[in-house]
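I set out to record what surrounds the ligand, how the aromatic rings are arranged, and how far the model can be trusted. The entries follow in the order in which I looked things up.

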Amino acid sequence: MSKKTIAIALTVALAFSLLLAGCGGKTPQQAKVLKIGTDAAFAPFEFQDEKSKEYIGFDIDLIKAIGKQMGYEVKVQGMGFDGLIPALEAGQIDAAVSGMTITEERGKKVNFSKPYYTSGLSIVVKQDNAAIKEFKDLEGKRLAVQIGTTGANFAKKVKDAKVREFNTAPEAFLELKAGGVDAVINDLPVNEYYIAKTGSKDAKIVGKPLNSENYGIATAKKNTELAQKIDKALEDLKKSGEYDKIYEKWFGRKPVK
Ligand code: ARG
């Protein structure tokens, strides 16, 4: 190697380290950001801290842990539930983490991670409602659901029911409280949390869970690499016990295996 070549090599190395120092000493790998979309009105999965307005919940803790495992910084962005898949398709977000049920229909548009939570739909009525005790009693009734959800699809199949769709689950619950509808169809753990928090004087869950559903983390169809990384991280967190810790924090018990 000539002296000139060595000098050039040194200059290049110096320039490169200055560039890295300019990024706050971080390698590009560490500076990676994972943009998450969520409809943060779905406690205990995603909601906003009353005071700080910070996004909190099981999904938020889980995706932060997944991001950390992958070496990404997680940035959460709130949006309407029915806007999540379009936002993924448009590349505005990298992943949707929003208590989103893995369905065949959605699977045509996005990739889903392995299931991370087993859920299902249930019926909520006012505490003093004696007429609705199970699924068959919903016939011809006024139902409230969140737009774009599996609960909405389910309600539309109930014979002669009048279905009203709301932008968020809390709005559907408010309508029930106001007497505008007879029942809400929504995810069971969210219904349980709502009743526990608002006090059981307002509402109650009736009947058996209507079905079983699995939540998954959705990513853009073309981004198969990210989907694989997320699955790997999720698996690691399950092995390390970190997943169980997060689960216990929000549900007060260990997950059933
Ligand atoms: N699991 C239901 C679905 O996928 C409801 C999810 C609603 N999530 C939310 N963050 N509002 O359709």
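**Ligand.** I began with D39, where a polar side-chain atom lies 2.8 Å from a nitrogen atom of the ligand. This is a predicted model, and I read the distances accordingly. I then checked D187, which has a polar side-chain atom 2.6 Å from a ligand nitrogen. For E46, I found an N or O atom of the side chain at 3.1 Å from a nitrogen atom of the ligand. I next looked up how much of the ligand's surface is covered: taken alone the ligand exposes 350 Å², and the protein buries 100% of that. There are 14 residues around the ligand, and I noted D39, T101, R106, T150 and D187 as those that come nearest.

**Confidence.** I looked up the confidence values next. The chain has a mean pLDDT of 92, and 88% of its residues reach 70 or more. In residues 22–26 the pLDDT falls below 50; I found that this stretch has 2 contacts in the model beyond near neighbours in sequence. For the complex, the predictor gives an ipTM of 0.98 and a pTM of 0.88.

**N191.** I located N191 in helix α7, which covers residues 188–198. Is N191 buried or exposed? I entered N191 as buried, because its relative accessibility is 0%, below the 20% cut-off. The side chain of N191 makes a polar contact of 2.8 Å with that of S122. Leaving aside neighbours within four places in sequence, I listed S122, V124, F173, N186 and I205 as the contacts of N191.

**Aromatic rings.** I described each ring pair by the distance of the centres and the angle of the planes. The count comes to 20 aromatic pairs. F42 and F45 form a tilted pair, with 6.2 Å centre to centre and 35° between the planes. I entered F42 as buried at 5% relative accessibility, and F45 as buried at 0%. F45 also pairs edge-to-face with Y117, at 4.9 Å centre to centre and 80° between the planes. Which parts does this pair tie together? F45 lies in the loop between β1 (33–38) and β2 (47–48), and Y117 in strand β7 (residues 117–119), so the pair joins parts that are 72 residues apart in sequence. Y117 counts as buried, at 6% relative accessibility. I closed this entry with the cluster that ring pairs form from F42, F45, F58, Y116, Y117, Y215, Y243, Y247 and F251.

Conventions
Residues are numbered from 1 along each chain as its sequence is written. Side-chain values use heavy atoms; hydrogens and water are left out. pLDDT is the predictor's confidence in each residue, from 0 to 100. Contact means heavy atoms within 4.5 Å. Helices (H or I, at least four residues) and strands (E, at least two) are DSSP runs, numbered from the N terminus. Buried means under 20% relative accessible area, exposed over 50%, partly exposed in between (1.4 Å probe, protein chains only). A polar contact is a pair of N or O atoms within 3.5 Å; within protein, one must be able to donate a hydrogen and the other to accept it, and residues adjacent in sequence count only if both atoms are side-chain atoms. A residue is near a molecule or strand if one of its heavy atoms lies within 4 Å of it. Accessible areas come from the Shrake-Rupley method with a 1.4 Å probe; for residues, only the protein chains shown count as cover. Rings of Phe, Tyr and Trp (its six-membered ring) pair if their centres lie within 6.5 Å; planes under 30 degrees apart count as stacked, over 60 as edge-to-face and the rest as tilted.
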